[in-house]
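Please work through the following exercises with the sequence and the structure side by side, and try each task before reading its solution.

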Amino acid sequence: METIARKEYLDFLIRAKGKQIIKVVSGVRRCGKSTLLEIYRAYLQTHGVSPKQIVAYNFEDAEYENLQTYQKLYTAIKKRLLPNKMNYVFLDEIQHVAQFEKAVDSLFIRKNVDLYITGSNAWFMSGELATLLSGRYVELKMLPLSFAEYCAGKSKLSADNLSTNTRYLAYLQESSFPYTLQLAGHQKDITAYLRALYDSVLLKDIVARQKISDVMMLESIVKFVFHNIGSPLSATKIANTMKSNGRKIDPKTV
């Protein structure tokens, strides 16, 4: 599968390489965080870093479920560290590890560890990061594809001669999420993918994280906000609209 060079983000990681600070990559699901780390690991190996110096775990992979406590994770990583070399440790979707900050802090204080972690926005809110990691990190907030990146991806996947305006209309309609480039021209498939992504963010991230019991009400509020982009909104206005539709909710709950 072709990868899209995310130069701005890659340059950030290259500049931070080897510095005594935790590199945090945050962003919405499927915006390309894991792929960025893969590209960066390839960069490291082409610049003199041995594969044995790289330790990488993706906690969305069931293979690593046995490491989802901070004690087991730290022990497993410690065993793989080379004593006289810099070790590059990548912990992808780290929020799946209970009390991950304890493992991260322990790795941070080791002089031969260069540490990179990722997580989705719902779990990596800046205020919480500041509390958990106590200012020992820099955060790279990642977005889906910019229009320039989208065009670069289009050119890699197909040698089309579309005008910039036509490509921009496709960008708006098909979305900026990287995987949709592979579904280009198949709007039903794109819509199904985006719906599944929306459900994942809403149900797995927001509902699970915030322990929301009335999921239907949440969906109603989200749809109302979507349909009123660019309009002034307030919690009271949303609550009144829900009430007029027969769905009573307090502005504080909104």
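## Exercise 1: A residue near the start of the chain

T3 has a relative accessibility of 32% and therefore counts as partly exposed, a value that comes, like everything here, from a predicted model.

Task: Decide where T3 is found and which residues T3 is in contact with, leaving aside its neighbours within four places in sequence.

Solution. Begin with the class: partly exposed covers the range between under 20%, which is buried, and over 50%, which is exposed, and the 32% of T3 falls into it. Next, place the residue along the chain, where T3 belongs to the segment before α1 (7-16). Then look for contacts beyond the sequence neighbours within four places, and you will find T35, I39 and K156. Finally, take Y116 as a distant reference: T3 and Y116 are separated by 113 residues in sequence, and their C-alpha atoms lie 20 Å apart in space.

## Exercise 2: The sheet and its helices

Task: Work out in what order the 5 strands of the open sheet are arranged, and why β2 and β5 each have one side without a neighbour in the sheet.

Solution. Start from one pair: β2 (residues 54-58) and β3 (residues 87-92) are joined in the parallel sense by 5 bridges, with I54 having Y88 of β3 as its bridge partner. Continue to β4 (residues 113-120), which pairs with β3 in the parallel sense, again over 5 bridges, and here L91 stands opposite I117 of β4. The full order is β2-β3-β4-β1-β5, with parallel pairing. Because β2 and β5 (137-142) stand at the edges with a single partner strand each, one side of each is left without a neighbour in the sheet. Neighbouring strands are turned against each other by 15° on average, direction ignored.

Now add the helices. Helix α3 (residues 70-80) makes a right-handed β-α-β unit together with β2 and β3. Helix α2 (residues 33-46) packs on the sheet, where it touches β1 (22-27), β2, β3, β4 and β5, and its direction makes about 170° with that of β3. Helix α4 (residues 100-108) lies across β1, β3 and β4, running at about 155° to β4.

## Exercise 3: Two packed helices

Task: Describe how α9 (residues 215-227) and α10 (residues 235-244) pack, and which residues make the contact.

Solution. First give the geometry: the angle is about 115° and the axes are 11 Å apart, while the crossing of α9 past α10 is right-handed. Then list the residues, which are M217, S220, I221, F224 and V225 from α9 and I238, T241 and M242 from α10. Lastly, sort them by character, which gives 6 nonpolar, 2 polar and no charged residues.

Conventions. Residues are numbered from 1 along each chain as its sequence is written. This is a predicted model: local features need pLDDT of at least 70, side-chain atom pairs count only at pLDDT 80 or more; totals for chains, interfaces and linings use all residues. Side-chain values use heavy atoms; hydrogens and water are left out. Axes are lines fitted to C-alpha atoms, for helices over the stretch in contact, and angles run from 0 to 180 degrees between N-to-C directions. A crossing is left-handed if the near helix is turned anticlockwise from the far one by less than a right angle, and right-handed if clockwise. Contact means heavy atoms within 4.5 Å. Ala, Val, Leu, Ile, Met, Phe, Trp, Tyr, Cys and Pro count as nonpolar, Asp, Glu, Lys and Arg as charged, and the others, Gly among them, as polar. Two strands pair if DSSP finds at least two bridges between them. A crossover is right-handed if, with the strands pointing away from the viewer, the path from the first strand over the helix to the second runs clockwise. Buried means under 20% relative accessible area, exposed over 50%, partly exposed in between (1.4 Å probe, protein chains only).
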